[in-house]
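Welcome, and thanks for taking a look. Please keep the sequence and the 3D view side by side while you read.

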Amino acid sequence: MPQIAQLAEFYSSQIFWSLVFFGLTFFVIGRGMVPKVMGTVELRDNQIADDLAAAQAARDAADEQEEAWRKRENENRAAAQATIAEAKTKAAAKTEATLAKAQTKIDAKLEAAEAAISEARTSAMAEVETVAAEATQDIVSRLAGAKVDKRTARSAVKKALANG
């Protein structure tokens with residue numbers, strides 16, 4: 001076979017040019033391009049790490065601010081509750097004082113009304129006694145034909161009312 005016979009002549013030149021080609025490729029790509037690509041990858045990794053660190057710092061700062069806000073909010077809420085409780089206490093005391101004042105006025109009016117009722121009752125009883133005494137005199141004179149004086153009729157009416 002003629003191809004195998006030529007193999008020995010061209011074999012060494014093919015190996016030489018293959019080594020030259022692969023050597024150039026190694027030096028151009030391996031020594032020239034790969035470090036640039038690796039530098040870019042490292043730069044990107046550093047940028048991502050810096051961004052993550054900045055995000056974590058921002059999150060920590062936000063958490064601190066939120067905690068401070070919650071603390072202030074709780075303090076404000078407690079102060080508002082204390083103010084409300086104080087206002088309720090003052091309002092209750094004021095209402096109680098107003099009610100006591102009104103109750104005093106009502107009690108005074110009630111006493112005056114009871115005195116007026118007692119006076120009216122006494123006056124009415126005296127009037128009833130007078131009317132009853134006159135009626136008794138009239139009834140006795142018509143039925144029995146006897147005359148009874150006012151004093152006797154009045155004492156009889158008082159006795160009857162006291163027993164009644």
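Here is a short briefing on helix placement, salt bridges, aromatic pairs and surface patches.

This is a predicted model, so please read every value below as computed from predicted coordinates. Many of the residues discussed here belong to helix α1, including glutamate 64, and this helix covers residues 2-143. The salt bridges come to four, and a search of the whole structure gives three aromatic pairs. The surface also carries a negative patch that includes Glu64 and a nonpolar patch that includes Ile29.

**Salt bridges along helix α1**

- Glutamate 66 and arginine 70 are joined by a salt bridge, and their closest N and O atoms are 2.6 Å apart.
- Both glutamate 66 and arginine 70 sit in helix α1, with a spacing of four residues, or about one turn of the helix.
- Glutamate 66 is partly exposed because its relative accessibility is 35%, a value that falls between the 20% limit for buried and the 50% limit for exposed.
- Its partner arginine 70 is also partly exposed, at a relative accessible area of 42%.
- Glutamate 73 meets arginine 77 in a salt bridge, with an N to O distance of 3.9 Å; the cut-off for a salt bridge is within 4 Å, so this pair qualifies.
- Glutamate 73 and arginine 77 are likewise four residues apart in helix α1, about one turn of the helix.
- With 30% relative accessibility, glutamate 73 counts as partly exposed, and arginine 77 counts as partly exposed with 46%.
- Glutamate 86 and lysine 90 form a salt bridge, with 3.2 Å between the closest N and O atoms.
- Lysine 90 and glutamate 86 are separated by about one helical turn because they are four residues apart in helix α1.
- The two ends of this bridge fall into separate accessibility classes: lysine 90 is exposed, with a relative accessible area of 55%, whereas glutamate 86 is partly exposed at 45% relative accessibility.

**Aromatic pairs**

- The whole-structure search finds three aromatic pairs, and one of them joins phenylalanine 16 to tryptophan 17 in an edge-to-face arrangement, with 5.2 Å centre to centre and 75° between the planes.
- Phenylalanine 16 is partly exposed, since its relative accessible area is 48%.
- Tryptophan 17 has a relative accessible area of 56%, so this residue counts as exposed.
- Phenylalanine 26 and phenylalanine 27 also form an edge-to-face pair, because their ring centres are 5.5 Å apart and their planes stand at 75°.
- Within that pair, phenylalanine 26 is partly exposed with a relative accessible area of 46%, while phenylalanine 27 is exposed with 52%.

**Surface patches**

- Four acidic residues, Asp60, Asp63, Glu64 and Glu67, make up a negative patch on the surface.
- Glutamate 64, which belongs to this patch, lies in helix α1.
- The relative accessibility of glutamate 64 is 58%, so this residue counts as exposed.
- A nonpolar surface patch consists of Val28, Ile29, Met33, Val34 and Met38, which together have about 460 Å² of accessible area.
- Methionine 38, a member of the nonpolar patch, is located in helix α1.

**A closer look at isoleucine 29**

- Isoleucine 29 belongs to the nonpolar patch, and its place is in helix α1.
- Isoleucine 29 has a relative accessible area of 41% and is therefore partly exposed.
- The C-alpha atoms of isoleucine 29 and arginine 44 are 21 Å apart, for two residues separated by 15 residues along the chain.

Key. Residues numbered from 1 in each chain as written. Predicted model: local features only at pLDDT ≥ 70, side-chain atom pairs only at ≥ 80, totals over all residues. Heavy atoms only, no water. Patch = residues over 30% accessible without salt bridge, like charges linked within 9 Å, V, L, I, M, F, W, Y side chains within 5 Å. Areas by Shrake-Rupley, 256 points an atom, 1.4 Å probe, with all protein chains shown as cover. Salt bridge = Lys/Arg side-chain N within 4 Å of Asp/Glu carboxyl O. Lys, Arg positive; Asp, Glu negative; His and termini not counted. Charge placed at Lys NZ, Arg CZ, Asp CG, Glu CD. Helix = DSSP H or I, 4+ residues; strand = E, 2+ residues; numbered from the N terminus. Buried < 20%, exposed > 50% of the residue type's maximum accessible area, 1.4 Å probe, protein only. Phe/Tyr/Trp six-rings, centres within 6.5 Å; stacked < 30°, edge-to-face > 60°.
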